[in-house]
Amino acid sequence: MSVRPVAVELSELEDFDWQRLFGNPAPVELEIGTGKAGFLLRRAQAHPQGNFLGIEWANKFYRYAVDRMQRWQVTNVRMLRTDAAHFIRAVCPPCSLTALHVYHPDPWPKRRHHKRRLFQRPVVDAAVACLVPDGHWAVQTDHAEYFAVIRELLLGHPELYEVPFDDPEFSVEAARVATNYEIKYLRQGRTLYQIAVKRKSPCGSA
Ligand SMILES: C[S@@+](CC[C@H](N)C(=O)[O-])C[C@H]1O[C@@H](n2cnc3c(N)ncnc32)[C@H](O)[C@@H]1O
């Protein structure tokens, strides 16, 4: 069997299909904004039977993450450099993700920059449609005001219900996902805010 490259080309997004991307029909998890992808690497290593896509916009971190996956020879990870909001809204097939991970999304604290935030209603609606029923969506941030916005968007969504963040099935051991930012912020003594939700509805009705 040929080894597929970690890096996904944007041209592969035309007629996008998870099975074609990974070469098998296993369940797919998506991490948005991987940074250096420490979480995605550990998650993929712990679940070799699953498929994992990481999306990272910053070229420096994207290349770091691709290189890291290659060095560890994980075959179940693909990395894509694009705007995750675009992927979620225009590319991600409906009812196809078992889990969505978003850890420390850029908070864009200035009010005039809020429109750049990932968590906005159209993106949340599209992300919910990407999840399978009972699909899991976990979010963590150190930014209290952004967290309040995220919490309201997720808990106010009629298709989502809250579940405990610390769920071993999603490798959030002892309430920690241990991303690079999490490690840095905990060392600084910052408070971290966490939420996890699942999709309620059967496919076709969200
Ligand atoms: C604060 S860092 C967190 C990185 C990692 N999740 C962690 O916890 O260590 C946020 C990351 O999200 C990426 N990012 C921000 N907006 C994005 C978007 N629209 N699409 C893809 N990546 C994005 C940034 O480039 C950055 O690497």
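This is a short talk on salt bridges, buried residues and a few loop residues in one structure. Keep in mind throughout that the model is predicted.

I will start with the salt bridges. The count comes to 5, and I will go through some of them.

The pair I would look at on screen is Glu29 with Arg43, where the closest N and O atoms are 2.7 Å apart. Glu29 sits in strand S2, residues 28-32, and Arg43 in helix H2, residues 38-46, so this salt bridge ties together parts that are 14 residues apart in sequence. Are these two residues buried or exposed? Glu29 has a relative accessible area of 8%, which makes it buried. Arg43 is buried as well, at 2% relative accessibility. The cut-off for buried is under 20%.

Next, Asp67 and Arg71. Their side chains meet in a salt bridge, at 3.1 Å from N to O. Both belong to helix H3, residues 59-71, and being 4 residues apart there they are separated by about one helical turn. As a reminder, an α-helix has 3.6 residues a turn, so residues three or four places apart point the same way. Asp67 is partly exposed, with a relative accessible area of 37%. Arg71 is exposed, at 52%.

Then there is Arg151 with Glu162, a salt bridge with an N to O distance of 3.6 Å. Here Arg151 is in helix H6, residues 144-155, and Glu162 is in strand S7, so the pair ties together parts that are 11 residues apart in sequence. Arg151 is partly exposed, at 34% relative accessibility. Glu162 is partly exposed too, with a relative accessible area of 41%.

Staying with Arg151 for a moment, what does this residue touch, leaving out residues up to four places away in sequence? The contacts are Gly156, Glu162 and Ile195, so Glu162 is both a contact and the salt-bridge partner. For a distance you can check, the C-alpha atoms of Arg151 and Val139 are separated by 9.3 Å, the two residues being 12 apart along the chain.

Back to helix H2, the one that carries Arg43. Which of the residues in H2 are buried? They are Gly38, Phe39, Leu40, Leu41, Arg43 and Ala44. The cover over these buried residues includes strands S2, S3 (51-55), S4 (77-80) and S5, along with helices H3 and H7.

One residue that reaches H2 from elsewhere is Thr179, whose contacts, not counting residues up to four places away in sequence, are Phe39, Arg42, Tyr103 and His104. Of these, Phe39 is among the buried residues of H2. Thr179 itself lies in the loop between strand S7 (160-163) and helix H7 (180-187). Its relative accessible area is 9%, so Thr179 counts as buried.

Now the loop between S5 and H5, which holds Arg117. Arg117 is buried, with a relative accessible area of 5%. Not counting residues up to four places away in sequence, Arg117 touches Pro107, Trp108, Pro109, His143, Glu145, Tyr146 and Val149. His157 is 40 residues away along the chain, and the C-alpha atoms of Arg117 and His157 are separated by 18 Å.

Lys110 is found in that loop too, between strand S5 (97-103) and helix H5 (121-130). Where Arg117 is buried, Lys110 is partly exposed, with a relative accessible area of 46%. Lys110 also belongs to a positive surface patch, formed together with Arg112, Lys115 and Arg116.

Last, the backbone. Most residues other than glycine have a negative phi. Which way does Asp15 go, positive or negative? Its phi is positive, near 50 degrees. Asp15 is in the loop between strand S1 (7-8) and helix H1 (18-22), and is exposed, with a relative accessible area of 67%.

Cys95 is another case: not a glycine, but with a positive phi of about 55 degrees. Cys95 lies in the loop between helix H4 (84-91) and S5.

If you open the structure afterwards, two places to start are the buried Arg43 with its salt bridge to Glu29, and the buried Arg117 in the loop between S5 and H5.

How values were computed
Residues are numbered from 1 along each chain as its sequence is written. This is a predicted model: local features need pLDDT of at least 70, side-chain atom pairs count only at pLDDT 80 or more; totals for chains, interfaces and linings use all residues. Side-chain values use heavy atoms; hydrogens and water are left out. Patches are made of residues with over 30% relative accessible area and no salt bridge: like charges are joined within 9 Å, nonpolar side chains (Val, Leu, Ile, Met, Phe, Trp, Tyr) within 5 Å. Accessible areas come from the Shrake-Rupley method with a 1.4 Å probe; for residues, only the protein chains shown count as cover. A salt bridge is a side-chain nitrogen of Lys or Arg within 4 Å of a carboxyl oxygen of Asp or Glu. Lys and Arg count as positive and Asp and Glu as negative; His and the chain ends are not counted. The place of a charge is taken as NZ of Lys, CZ of Arg, CG of Asp or CD of Glu. Helices (H or I, at least four residues) and strands (E, at least two) are DSSP runs, numbered from the N terminus. Buried means under 20% relative accessible area, exposed over 50%, partly exposed in between (1.4 Å probe, protein chains only). Contact means heavy atoms within 4.5 Å.
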